[in-house]
Amino acid sequence: MDENQNTSMQENKAMMSLSNNTIIFAERSQPSITNSGSSLLGKFLSPKPMPKVLVQQILCRAWNTRRPWTVVEPGRRAKNMFVFLFEAVEDKRMVLERRPWTVKGNLLLLNEWDPDTPMNLIDFSKCALWVQLHGIPPSLVSKENVGQIAATGGEVMAIEYDSVNAIWSEFIRVKVQVELKSPLKPGVFIPLKGKQPVWVQLKYEKIGDFCYKCGRLGHDRSSYLEKEVTKIESTEGRHVPVYGPWLRVDSKLRDCFSAAKLRSQTTNEQRSKSQEMGLTITNPQENSEDISEMAMEV
């Protein structure tokens, strides 16, 4: 084998230089993956495996991109992790801006990904969520106050605030970045001079599954069979479950306190009917599961 042939064979292999303890590799030719401007790395916040076919089928309809995109599974070790490759950077930008996304109730965490960065170094400990603030007293409506209330739920990223119409709005939308290891912020009491404090309810958009006992994203209440329900004291001195379907924007329940009142009214009606029939019922244990089941019918 002559010198030219030997050189030609080595050009297609990774080259290594041991001088100065430095290793230099030849670049691999995979433009569809190595084009960092078109890639997103996603991870589902779910204890169950997510099938690739299901993910692609549902997200194709949800994203409705202008150009095609593909999804790649990095491997079995990267559980519920997927690489999304876009032909158009505009489509990738749209997907990021319209976060969060869910598939069958499972929250999809998305990050921009540079293939020069190992996947295990990508931070999936935070998530950007849109939150609606309900019940701010009109006298306290201002962009500064909205920011302070929203900051109790996470790092404020954006505030949709119309200075002319905000005082008349049913709610104000804020984008916050939440720590996934921490419970969702359900709301906050606002002190008023000479009056009882007012509860401002936080309602989250497209949050997927979360636990009605501990308030954390990524699992339901069945994960904590023995854990007590987290409660909060109302202005009347009652302790009511703070987490439930009322944290979702599509719930008709205003907040945790109205949910507790609904449960109390329902229990009283059941007791009255039972007494008419000559039956006796005991007070069921007050928990978010009872309230959640009723809330689905409201």
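**A chat about helix α3 and its surroundings**

User: Start me on α3. Which residues are exposed on its other side, away from the buried ones?
Analyst: Val-53 and Arg-61 are exposed there. Keep in mind that this is a predicted model.

User: And which residues of α3 are buried?
Analyst: Val-55, Ile-58, Leu-59 and Trp-63. Seen down the axis of α3, these buried residues fall within an arc of 120°, so they line one face of the helix.

User: Why would spaced-out residues end up on one face?
Analyst: An α-helix has 3.6 residues a turn, so residues three or four places apart point the same way.

User: What do the buried residues of α3 pack against?
Analyst: Several elements. The strands are β1 (39-45), β2 (69-72), β3 (81-86), β4 (101-103) and β5 (106-112). Helix α4 (89-97) is on the list as well.

User: How many residues does α3 have, and how far does it reach?
Analyst: Helix α3 covers residues 52-63, which is 12 residues. From first C-alpha to last it reaches 16 Å, close to the 16 Å expected at 1.5 Å a residue.

User: What comes just after α3?
Analyst: Asn-64, which takes a positive phi of about 50°.

User: Back to those strands. In what order do they sit in the sheet?
Analyst: The order is β2-β3-β1-β5-β4. The 5 strands form an open sheet, and the pairing is antiparallel. At the edges are β2 and β4, each of which pairs on one side only. From one strand to the next, the twist averages 30°.

User: What holds paired strands together, in general?
Analyst: Strands of a sheet pair through backbone hydrogen bonds, either parallel or antiparallel.

User: How many bridges join β1 to β3?
Analyst: There are 5, and the two strands run antiparallel. To pick out one bridge, Lys-43 has Met-81 in β3 as its partner.

User: Where does α3 lie relative to this sheet, and at what angle to β2?
Analyst: Helix α3 packs on the sheet and touches β1, β2, β3, β4 and β5. Its direction makes about 150° with that of β2.

User: New topic. Which strands pair with β10?
Analyst: Strand β6 (residues 126-134) is one of them, pairing with β10 (residues 195-204) in the antiparallel sense over 4 bridges. There, Gln-132 stands opposite Lys-203 in β10. Strand β9 (residues 187-192) is another, also antiparallel, over 5 bridges. Leu-192 has Lys-195 in β10 as its bridge partner.

User: What lies between β9 and β10?
Analyst: They form a hairpin with 2 residues between the strands. In that hairpin, Gly-194 takes a positive phi near 75°.

User: Now the backbone oddities. What's the general rule for phi and peptide bonds?
Analyst: Most residues other than glycine have a negative phi, and most peptide bonds are trans.

User: Where is there a cis peptide bond?
Analyst: From Arg-99 to Pro-100, with omega near 5°. Pro-100 sits in the loop between α4 and β4.

User: What about Lys-104? Where does it lie, and is it buried or exposed?
Analyst: Lys-104 is in the loop between β4 and β5. Its relative accessible area is 64%, so it is exposed. It has a positive phi of about 55°, although it is not a glycine.

User: What is the phi of Lys-206?
Analyst: Positive, about 50°, and Lys-206 is not a glycine. It is found in the loop between β10 and β11. At 41% relative accessibility, Lys-206 counts as partly exposed.

User: And Val-229, where is its place?
Analyst: In the loop between β10 and β11 (231-233). Val-229 is at 18% relative accessibility, so it counts as buried. Cys-214 is 15 residues away from it in sequence, and the two are 6.9 Å apart in space, C-alpha to C-alpha.

User: Zoom out. How many helices and strands are there in the protein chain?
Analyst: The protein chain has 7 helices and 12 strands. Of its 298 residues, 39% are buried. Among contacts with a separation of 6 or more, 61% are between residues 24 or more positions apart.

User: What is the average pLDDT?
Analyst: The protein chain averages 80, and 73% of the residues score at least 70.

User: Where does pLDDT stay under 50?
Analyst: Residues 11-19 are one such stretch, with 12 contacts beyond four places in sequence. Residues 267-271 are another, with 6 such contacts. Where pLDDT is low, the predicted coordinates should not be read in detail.

Notes
Residues numbered from 1 in each chain as written. Predicted model: local features only at pLDDT ≥ 70, side-chain atom pairs only at ≥ 80, totals over all residues. Heavy atoms only, no water. pLDDT = per-residue confidence, 0-100. Contact = heavy atoms within 4.5 Å. Expected span 1.5 Å × (residues − 1). Buried < 20%, exposed > 50% of the residue type's maximum accessible area, 1.4 Å probe, protein only. Arc of directions from axis to C-beta. Pairing = 2+ DSSP bridges. Axes fitted to C-alpha atoms, helices over the stretch in contact; angles between N-to-C directions.
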